[in-house]
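Please take a moment with the sequence and the structure shown here, and then follow the paragraphs below from a single residue outward to the whole chain.

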Amino acid sequence: MTLYDQILGGLYGQALGDAWCMPAMLTPDQTWQRYGGWIDRFLPGADDHPVHGGLIPGRVTDDTEQAFALALSIVEDGGVTLDGAVRAVLRWYDSVGGEACPYIGPSTRRAVGQLRGGADPRVSGLRGDTNGAAMRVSVVGLIHPGDVDGAARDAATQAIPTHNTDIAMAGAAAIAGAVAMALRPSATLDDILRAGVAAAELGRTLGPAYMGASVARRITLAVEIARRLDQPRARIQELYDLVGSTLAISESVPAAFGVLAMAGGDPLQTAVYAAALAGDADTVGAMACAIAGAWRGQAAFPADVLATLHSANPELDFAGTARGLAQLAEQSYHNSVGK
């Protein structure tokens, strides 16, 4: 499996988790009752869905749209920059219709308003404590194969314009660090989970202090719950009750590691569990499946799944984006080896 295969797998995983979990309702019980059990295929957003009503099966949401916008800026700039992060957020915001878009997160919406008003991007994100910086960050991990610290630090940089708080940076760093570890050829799932905890601890030191529970410790809690001997649905409910799956960064990021651990790192099974978790399931799924996809590579995705992702999201250039990121990843790898 080549580095390109893994990077393409990471992009497919991001989109898979986002689109598969898009129809999930607010609670596990609501989701279970609405769909008669596990969500085991792509489904449309129900007309009464609080955010995703009317979306077609396989359609991604802001999680993947922002990830691809960030990837474009990273390729344009040859790496992660603050200016590139601002450009990515504003470009995405305009592409989805701005204020009229129903699924823009509160921290991002507030930050964009300030950026449009001329605010310093180091100021516009000072109240951002939701999961917007983590939902898009997998592409940062994809340019840092095996370099957990480098991924964590770049994750913090891209978070600044919308989520310039220590807790948000901890969450973003956790996802990016786990993706970076997933690209290491010898990495095990336990290595990936530990990398997420270590990166969260580093990320917490990189931003201004803000209120919120420890992302690193809650990842550990989520993985402990995921590995209990209870039936899967019982563990999903326990994750929902004790860890949570709201927009809060200290809930959704740990929950992503929980469903990843439950599924043994399999991208499709991770998506099934994330959808059952409900709440902000599309974001949980996008983050968790991006890690799983980077670890397992593009071969882990059935042809019919990929066909749906391509047809439902024709504007997303999976292969081209993967090539651009792979070039940067190879440069990063060779630079780190040469030190």
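Aspartate 154 touches Val80, Val140, Ile143 and His144, when residues up to four places away in sequence are left out of the count. The model in which these contacts appear is a predicted one. Aspartate 154 itself belongs to helix α9, which covers residues 148-159. Although aspartate 154 is buried, it has no salt bridge, and the nearest side chain of opposite charge, that of arginine 153, lies 8.5 Å away. A salt bridge as counted here needs a side-chain nitrogen of Lys or Arg within 4 Å of a carboxyl oxygen of Asp or Glu, and so the 8.5 Å to arginine 153 does not meet that limit.

Elsewhere there are charged residues that do pair, and the count for this model comes to 15 salt bridges. One of them joins glutamate 76 to arginine 87, with the closest N and O atoms 3.1 Å apart. This pair links distant parts of the chain, since glutamate 76 sits in helix α3 (residues 62-77) and arginine 87 in helix α4 (residues 82-95), eleven residues apart. Glutamate 76 is partly exposed, with a relative accessible area of 42%, and arginine 87 is partly exposed as well, with a relative accessible area of 29%. The two residues also take part in a network of salt bridges that links Glu76, Asp77, Arg87 and Arg91.

Helix α4 contributes to another such link, for the side chains of aspartate 94 and arginine 116 meet in a salt bridge at 2.4 Å, N to O. Here aspartate 94 lies in α4 and arginine 116 in helix α5 (residues 106-116), so that the pair, 22 residues apart, again connects distant parts of the chain. Aspartate 94 is partly exposed at a relative accessible area of 48%, and arginine 116 is partly exposed at 45%. A further salt bridge brings together the side chains of arginine 122 and aspartate 120, at 3.6 Å from N to O, and aspartate 120 counts as partly exposed at 37% relative accessibility.

From side chains we can turn to the way in which helices pack. The axes of helix α1 (residues 3-21) and α3 come within 8 Å and cross at roughly 155°, and the two helices are therefore roughly antiparallel to each other. On the α1 side the contact is made by Leu11, Gln14, Ala15 and Asp18, and on the α3 side by Asp63, Thr64, Ala67 and Phe68. By class, the residues of this contact divide into four nonpolar, two polar and two charged.

A second pair is formed by helix α11 (residues 189-203) and helix α14 (residues 249-262), which pack at an angle of about 175° with their axes 11 Å apart. These helices, too, are therefore roughly antiparallel to each other. Leu189, Ile192, Leu193 and Gly196 in α11 meet Phe257, Leu260 and Ala261 in α14, and this contact has six nonpolar residues, one polar residue and no charged residues.

Finally, the chain can be viewed as a whole. The protein chain has 18 helices and zero strands, and its C-alpha trace spans about 50 × 45 × 40 Å along the principal axes. Of its 339 residues, 62% are buried. Among contacts between residues at least 6 apart in sequence, 72% join residues at least 24 apart.

Key
Residues numbered from 1 in each chain as written. Predicted model: local features only at pLDDT ≥ 70, side-chain atom pairs only at ≥ 80, totals over all residues. Heavy atoms only, no water. Helix = DSSP H or I, 4+ residues; strand = E, 2+ residues; numbered from the N terminus. Buried < 20%, exposed > 50% of the residue type's maximum accessible area, 1.4 Å probe, protein only. Lys, Arg positive; Asp, Glu negative; His and termini not counted. Contact = heavy atoms within 4.5 Å. Axes fitted to C-alpha atoms, helices over the stretch in contact; angles between N-to-C directions. Parallel < 35°, antiparallel > 145°, perpendicular 65-115°, else oblique. Nonpolar A, V, L, I, M, F, W, Y, C, P; charged D, E, K, R; others polar.
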